[in-house]
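Subject: Structure for you to look at

Hi,

Here's the structure I said I'd send over. Have a look at it first, and then read on for what I found.

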Amino acid sequence: MRSKILYHSDVEDHEKEGIKALEKELPPENFILLVGTYVNVRDSDDREIDATLICPRGVFVIELKHWVGRIKENITTNNYQLTQIRPDNSKEVHPNPFKKASEQRKTVAGDIKKRLRESKLNSQKAKTISKKLNWNGGVKGAVFFTNKNFSFNIENPREIAPILYLRPGNTSFLWEKKFTQDVFNEEEIQAIIDLYPGGEEAGEDVREHFELGEMVGDYKIEEIIYGKEEDEDPKYQKNSYFIYKAYNELLNKHYFLKAVRIDPGAKEDAQKTIEEIGKRDLRAKGVLKDNPYVLMSSVPPDRYGLHIISVTDWVDHISLDEKMKLGISFEEKKEIIKTLINALESIHEKNVYHRDLNPKNIIITTEGELKILNFDFAKLIGYGTVWDGIVEKATRYRANEVIMPQDKSKVDYRTDYYSLGAIVYELITEKKIFEKYSEKVTNYYDKETLNAKCDSKKLYNAVNLLLHGEPEKRIDGLSKLKRWAGC
């Protein structure tokens, strides 16, 4: 039996590094990793297991933790909680993953036995497997700290046995004979896997981005415009798409080529959401046809492997983010703000709400025209929203109602006003509005610097109202900003 990974549910961002590391080091045969299975036993709610490795050495229930920094306490199985000290010295208290792995080990053993009793498997074979689950090595727990730069100290390694602890590069603990012994044969491994139907293989290789010079259909990749590591907002989220400068030899033209990656480990409805996100940009542009602030797409989006590819006519440009780094005069800042207000209002007039406005999604062409890009997360009247793609994913520029699911009923055109306020703040103060996620959720920003940099109380009050946690207040903020800009 070929070794493989079977996905049963969505893969969280913090789990991906661990899954990739395990996949890379799996022996070629008879090692099956189940990702995101659910177990349900008596006296226990449905619960999701990060990863379950079924192999000749037994069943390993793996708790994945992509923590950074260090753990303050010496780890024992008696700790109910552990204190994580991040590199910035902030603290967060977590449940002890070793205790959780110990509990999950028992839960999974009970779940497999329950499924065996209810299965159509030959009763004698079912009894044999069930009996082996009780052997030393039948079911073991493991905690995998997937960040190489994370430090911790285990007070007594023997005390936490049989819970294994893994680091990048030592996952072979799971299958080296000096640590474990053979328990199951290939037929028994298959029988256990069959108890958890519905898993899907990843299939194709999931690459983060295309290489320079690579042909993507009829387009040759010449440059990564957006999505590189330095474009990430590490305190918030990883990039969900890449934008390239690409060349079509037949047409002798350059294009923006955007690639939205579909995670093969995601559930079918989540994959459909990603496909809708990839198409939403073109739909929005169809509604905004002839809008002078929007670049048009000349080709419908299409599926390319595990990506949704869309192309937009190329213009030579500089992003607002890049322009701000070079320095802008106050009068030019005022003109940009005025144009951005006009652009936003012209989009809202067509009942399109961008919801992901930021300095990288705003460009200024060599002719001096301002354009708004990337309507992937836009709200269009008549189409369902794309919550799986937008909610709970934070950037500095998204209003808190976007990143907190309980507030999603408030997400409308006023969300764009908040983003506008964050951009204006950055233009005026020449600094990022938030540096830490804690600042973001509490809406704590440097009002003193803002006040010092504003040329009037009208501008200062306008920005504060645009950044208000209550969306209704932002309407007054836009009115004040328009009066200041002379709209």
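Let me start with a small detail: the backbone oxygen of glutamate 335 sits 2.9 Å from a polar atom in the side chain of threonine 339. Bear in mind that this is a predicted model. Threonine 339 belongs to helix H8, and once neighbours within four places in sequence are set aside, threonine 339 contacts Tyr293 and Leu370.

That helix is a good way into the rest. H8 covers residues 330–348 and lies across S20 and S21, running at about 40° to S21. Those two strands are part of an open sheet of three, in the order S18-S20-S21, with antiparallel pairing. At the edges are strand S18 (317–319) and strand S21 (370–372), each of which pairs on one side only. From one strand to the next, the twist averages 30°. If you want to check the register, S18 and strand S20 (residues 362–365) are antiparallel over three bridges, and serine 319 has isoleucine 363 in S20 as its bridge partner.

H8 also has a helical partner. Its axis and that of helix H11 (residues 413–429) come within 11 Å and cross at roughly 170°, which makes the two helices roughly antiparallel. On the H8 side, the residues that meet H11 are Phe330, Lys333, Ile336, Ile337, Leu340, Ile341, Leu344 and His348. Facing them from H11 are Tyr413, Asp416, Tyr417, Leu420, Ile423, Val424, Leu427 and Ile428.

Two of those H11 residues turn up again further along the chain. Isoleucine 475, in helix H15 (residues 471–485), touches Tyr413, Arg414 and Tyr417, not counting residues up to four places away in sequence. Is isoleucine 475 buried or exposed? Neither, quite: its relative accessibility is 30%, so it counts as partly exposed. Its C-alpha is 9.7 Å from that of alanine 462, 13 residues away along the chain.

Now for the other sheet I went through. Seven strands make up an open sheet with mixed pairing, ordered S10-S8-S4-S3-S2-S1-S11. Strand S10 (164–166) and strand S11 (200–201) are the edge strands, each pairing on one side only. Inside the sheet, strand S3 (residues 47–55) and strand S4 (residues 58–65) run antiparallel and are joined by five bridges, with alanine 51 opposite isoleucine 62 in S4. Helix H5 (residues 186–194) packs on this sheet and touches strand S1 (4–7), S2, S3 and S4, its direction making about 165° with that of S3.

Helix H2 (residues 97–118) lies across strand S2 (32–39), S3, S4, strand S8 (139–145) and S10, and runs at about 140° to S8. How far does H2 reach from its first C-alpha to its last? The span is 31 Å for 22 residues, close to the 32 Å expected at 1.5 Å a residue. At the start of H2, a side-chain oxygen of asparagine 96 comes to within 3.0 Å of the backbone nitrogen of phenylalanine 98. The buried residues of H2 are Pro97, Phe98, Lys99, Ala101, Gln104, Thr107, Val108, Ala109, Asp111, Ile112 and Leu116. Take a look at Lys99 and Asp111, both of which are on that buried list.

There's also a hairpin to look at. Strand S12 (residues 215–216) and strand S13 (residues 219–226) are antiparallel and joined by two bridges, and valine 216 stands opposite tyrosine 219 in S13. Two residues separate the strands of this hairpin, and glycine 217 in the turn has a positive phi of about 65°. S13 also pairs with strand S14 (residues 241–248), in the antiparallel sense over five bridges. There, the bridge partner of lysine 220 is tyrosine 247 in S14.

Finally, the overall numbers. The protein chain contains 15 helices and 22 strands, and 52% of its 487 residues are buried. Of the contacts between residues at least 6 apart in sequence, 63% join residues at least 24 apart.

Cheers

Terms used. Residues numbered from 1 in each chain as written. Predicted model: local features only at pLDDT ≥ 70, side-chain atom pairs only at ≥ 80, totals over all residues. Heavy atoms only, no water. Pairing = 2+ DSSP bridges. Helix = DSSP H or I, 4+ residues; strand = E, 2+ residues; numbered from the N terminus. Axes fitted to C-alpha atoms, helices over the stretch in contact; angles between N-to-C directions. Contact = heavy atoms within 4.5 Å. Expected span 1.5 Å × (residues − 1). Buried < 20%, exposed > 50% of the residue type's maximum accessible area, 1.4 Å probe, protein only. Polar contact = N/O pair within 3.5 Å; in protein donor to acceptor, adjacent residues only side chain to side chain. Parallel < 35°, antiparallel > 145°, perpendicular 65-115°, else oblique.
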